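Hi,

Here is the structure I promised to pass on. Have a look at it first, and then read my notes below.

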Amino acid sequence: EQLAVAKRHVEAYCCETLGYKQPNMKFVKGYIEDIQGAGIPANSQDLVISNCVVNLSPDKEAVLKGVHSVLKEGGEFYFSDVYSDRRLPEAARKDPVLFGECLGGALYEHDFLYLAKNSGFKDPREVSRSVIQIKDDNIRRLVGDATFYSITYRLFKINNLEPRCEDYGQVVIYNGTIPDNPNKYVLDGGHVFETKRAMLVCGNTASMLTDTRLKPHFEVIGSRDCHFGIFNCGPKSSTPVASSSSGGCC
């Protein structure tokens, strides 16, 4: 029924609201654990987005592997979800109220990073996080001292990404040409590129900017011909990404 309603409004929304000459949107029915089974071909998508849905799946590794399979080389999974700072007890994971609140299915964030890498996303990048405040006493009793976060990640499907950030002496310059980002571009929580300002980056970051849809907007100087050891891929800008202390992604 929801799909039927959505499909009825596709033409009006795409053409009248967005201004396209013909609709460029479609809705399909399927399971997020089997994206190809829903009719999305392998290696066909430039970008997959999601907002607080993966945590509802009982098989999150299948979701991640499915997304990886439908992305083109250089494609990206950009999404927000709920995570916890520890593995939750079984009672919390099976509680229907917690599940509906997007808390019961929250992954321990380090388990997520393992699953992401095991699914082919070799260098997950955190864009932002905010603490989700638990104000209900019943929920707090179930989850104990666990802290929950709304975190936004970028997962790139790039074959030449390495397990660690390596230093090849590469320098990146942002051209300021991405729409609505004339002064700076935020790649992730550790990389904010100011327009026309050169920045030393690791090999993985250089690949994320040159082997993806971002390539026309960046100039990368250098290659991987000369290696200088490990790269400290911490914050690289005087303009850090801000995160709030409250609110969730649901």
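**Salt bridges**

There are 14 salt bridges in the structure. Before I go through some of them, please keep in mind that this is a predicted model. The background will be familiar to you: oppositely charged side chains can pair when their charged atoms come close.

I'd start with Glu-76. Its side chain meets that of Arg-154 in a salt bridge, with an N to O distance of 2.5 Å. The two partners come from distant parts of the chain: Glu-76 sits in strand E2 (residues 71-84) and Arg-154 in strand E5 (residues 148-156), 78 residues apart. Are these two residues buried or exposed? Glu-76 is buried, at 0% relative accessible area, and Arg-154 also counts as buried because its relative accessibility is 2%, where buried means under 20%.

Glu-76 has another partner as well. It forms a salt bridge with the side chain of Arg-213, at 2.7 Å from N to O. Arg-213 belongs to the loop between helix H8 (203-210) and E10, while Glu-76 is in strand E2, so this pair ties together parts that lie 137 residues apart in sequence. With a relative accessible area of 40%, Arg-213 is partly exposed, whereas Glu-76 is buried.

Then there is a pair within one helix. Glu-90 and Lys-94 join their side chains in a salt bridge of 2.6 Å, N to O. Both are in helix H4 (residues 90-94), and because they are four residues apart there, about one helical turn separates them. Glu-90 is partly exposed, at 44% relative accessibility. Lys-94 is exposed, with a relative accessible area of 61%.

How do Glu-76, Arg-154 and Arg-213 fit together? Salt bridges with shared partners join these three residues into one network.

**Overall shape**

The protein chain has eight helices and 10 strands. Its radius of gyration is 20 Å, close to the 18 Å that the globule rule gives for 250 residues, so the chain is as compact as a globular protein of that length. If you want dimensions for setting up a box, the C-alpha trace spans about 55 × 50 × 30 Å along its principal axes. As for burial, 40% of the 250 residues count as buried.

**A three-stranded sheet**

One open sheet is made of three strands in the order E9-E6-E10, with antiparallel pairing. Why is one side of E9 and of E10 left without a neighbour in the sheet? Strand E9 (199-201) and strand E10 (218-221) stand at the edges and have a single partner strand each, so one side of each stays free of a neighbour there. From one strand to the next, the twist averages 35°.

Looking at the pairing of E6 and E10, strand E6 covers residues 170-174 and pairs with E10 in the antiparallel sense over four bridges. Among the residues involved, Ile-173 has Glu-219 in E10 as its bridge partner.

**A nonpolar patch**

On the surface, Tyr-13, Leu-18, Tyr-20, Met-25 and Phe-27 form a nonpolar patch. Together they have about 450 Å² of accessible area. Met-25, one of these residues, is found in the loop between helix H2 (10-17) and strand E1 (45-51). Its relative accessible area is 33%, so Met-25 is partly exposed.

**Two cysteines with positive phi**

Last item, on the backbone. Most residues other than glycine have a negative phi, so what about the exceptions here? Cys-52 has a phi near 60°, a positive value in a residue that is not glycine. Cys-52 lies in the loop between E1 and helix H3 (60-70), and it counts as buried because its relative accessibility is 5%.

Cys-102 also has a positive phi, of about 65°, although it is not a glycine. Cys-102 is in the loop between helix H5 (96-100) and strand E3 (107-108). This residue is buried as well, with a relative accessible area of 7%.

Cheers

Technical notes
Residues are numbered from 1 along each chain as its sequence is written. This is a predicted model: local features need pLDDT of at least 70, side-chain atom pairs count only at pLDDT 80 or more; totals for chains, interfaces and linings use all residues. Side-chain values use heavy atoms; hydrogens and water are left out. Two strands pair if DSSP finds at least two bridges between them. Axes are lines fitted to C-alpha atoms, for helices over the stretch in contact, and angles run from 0 to 180 degrees between N-to-C directions. Patches are made of residues with over 30% relative accessible area and no salt bridge: like charges are joined within 9 Å, nonpolar side chains (Val, Leu, Ile, Met, Phe, Trp, Tyr) within 5 Å. Accessible areas come from the Shrake-Rupley method with a 1.4 Å probe; for residues, only the protein chains shown count as cover. A salt bridge is a side-chain nitrogen of Lys or Arg within 4 Å of a carboxyl oxygen of Asp or Glu. Buried means under 20% relative accessible area, exposed over 50%, partly exposed in between (1.4 Å probe, protein chains only). The radius of gyration is taken over C-alpha atoms; the globule rule is 2.2 Å times the number of residues to the power 0.38.
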